[in-house]
There are 2 protein chains.
Amino acid sequence: MGTRQIVPAGGGAGLRLARGERLRIIDIEGGQTGDLMAFSQDGRERLSNGRSFDYGGKIYLSTGDVLWSDRSNPMLTIVEDDVGRHDFLYAPCSLEMYRMQYSVTGYHANCHDNLRSALRALGIEPDSLPNAFNFFMNVEVLADGRLRIVEPRGRAGDSMVLRAEMDLAVALTACPTSSCNGGAAPRPIAYEIPS
Amino acid sequence: MGTRQIVPAGGGAGLRLARGERLRIIDIEGGQTGDLMAFSQDGRERLSNGRSFDYGGKIYLSTGDVLWSDRSNPMLTIVEDDVGRHDFLYAPCSLEMYRMQYSVTGYHANCHDNLRSALRALGIEPDSLPNAFNFFMNVEVLADGRLRIVEPRGRAGDSMVLRAEMDLAVALTACPTSSCNGGAAPRPIAYEIPS
């Protein structure tokens, strides 16, 4: 087993994965969501929700499904998934989102800035971040297309494992937005890179 | 009325919109889809499906709904819409998509390259294109999250009008992929910038 690392509640972390390595993401206390962003280590390819929806033929990805890059290469394959429901529709929460939707006036921790910081430390500074893969986040699409953020399905100790299909720079967050976390205050996420 | 311009079947076109100007997109023959990409004229902001889904609270956008930028500013508002169903989930068709999903071996016209070319002519060369807004394209999301591309709802002469909420560089395509166009060979799209 790899050493267990912690993404602090409301914070972020960066890591590198060599092709073939696996990343286990653990919902320590249950009901906590986060964002996963991936770039090729040379920074030329990035996660694409639109390519993943197209090539997967679906919006809900779980075991056996692939997260694709904007250049149509597989980045990560989900190889284990205790939770079974994740979101790939929502953009990372951002300061602007907190200002518009939550009337925040000062600074507020947010996944966008946490992803940016974690990627910067890995040498990745794109002109814009694409959508992240929002692991453990549960979003229903109603028949008329309206979206509803509902209770995450993850229980304490649940995890998912993704296998790197290329050399990757990855950023993870533990999302600070309570409405994504079943109304709870943000809690940490753990990860391991099993040897 | 502005002069009617043509986006050739399977091709693309670029245009600039000043804040407040309107763009009418016309389905000349009915059942034809296309991609719309928007950048701020300085190139710093780009269309974001994830922000638009979040702030609109829905995946199907129509009259009164806003296409948001990655920096959380309104780019375009839909102010008229005869068709009423568009897609914002699928990435632009690309050469890689044709190779993987249609076994194309040589070059094939594709919306990604057409958007890139049209934007380049407007001085916009981002490191990666985000998802486009796929006007007139009709995608159903089944209850389990699977996607189904179905017959477009547009009939001959139907149009939609978008109002620019900032100064924009816009690229349009008339999509060459028959499966998005109800099985028909690609046809042109028209547009006007009413004065």
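This is a short conversation about how to read a predicted model with chains A and B.

Biologist: Hello! What should I know before I start reading?

Modeller: Welcome! This is a predicted model, in which local features need pLDDT of at least 70, side-chain atom pairs count only at pLDDT 80 or more, and totals for chains, interfaces and linings use all residues. Residues are numbered from 1 along each chain as its sequence is written, chains are lettered from A and ligands numbered from 1 in the order in which they are written, and side-chain values use heavy atoms, with hydrogens and water left out.

Biologist: How are chain A and chain B related, and by what turn?

Modeller: Copies are superposed by least squares on the C-alpha atoms of residues with pLDDT of at least 70 in both. Here a turn of 180° with a shift of 0.0 Å along the axis lays chain A on chain B, at an RMSD of 0.0 Å. The two copies are thus related as by a two-fold rotation axis.

Biologist: How many residues does each chain bring to the contact?

Modeller: Contact means heavy atoms within 4.5 Å. Chain A brings 35 residues, and chain B brings 35 residues. Of the interface residues of chain A, 100% are also interface residues in chain B, so the copies meet through the same surface.

Biologist: And what area is buried between the chains?

Modeller: The size of an interface is often given as the accessible area lost when the parts come together. Buried area is summed over both parts, using a 1.4 Å probe. Between chain A and chain B that comes to about 2800 Å², with 53% from carbon and sulfur atoms. A:Arg51, A:Asp54 and A:Asp127 supply 17% of the area that chain A buries against chain B, more than any other three residues.

Biologist: How many salt bridges join the two chains?

Modeller: A salt bridge needs a side-chain nitrogen of Lys or Arg within 4 Å of a carboxyl oxygen of Asp or Glu. The count between chain A and chain B is two. In a salt bridge between B:Asp127 and A:Arg46, the N to O distance is 3.2 Å. As for helices, H1 (49-56) and H2 of chain A each supply at least two residues of the side that touches chain B. H1(A) gives the most, with six residues.

Biologist: Which residues of helix H2 in chain A are buried?

Modeller: Helices (H or I, at least four residues) and strands (E, at least two) are DSSP runs, numbered from the N terminus. Buried means under 20% relative accessible area, exposed over 50%, and partly exposed in between (1.4 Å probe, protein chains only). In H2 (residues 95-102), A:Leu95, A:Met97 and A:Tyr98 are buried. Seen down the axis of H2(A), these residues fall within an arc of 160°, so they line one face of the helix; the arc is taken from the directions from the helix axis to the C-beta atoms. They pack against helix H1 (49-56) of chain B. Just after H2(A), A:Ser103 has a positive phi of about 55°.

Biologist: Which parts of chain B does the salt bridge between B:Arg4 and B:Glu192 tie together?

Modeller: The closest N and O atoms of B:Arg4 and B:Glu192 are 3.0 Å apart. B:Arg4 lies in the segment before strand S1 (5-7) and B:Glu192 in strand S12 (residues 189-192), so the pair ties together parts that are 188 residues apart in sequence. B:Arg4 is partly exposed at 45% relative accessible area, whereas B:Glu192 is buried at 4%.

Technical notes
Buried area = accessible area lost by both parts, 1.4 Å probe.
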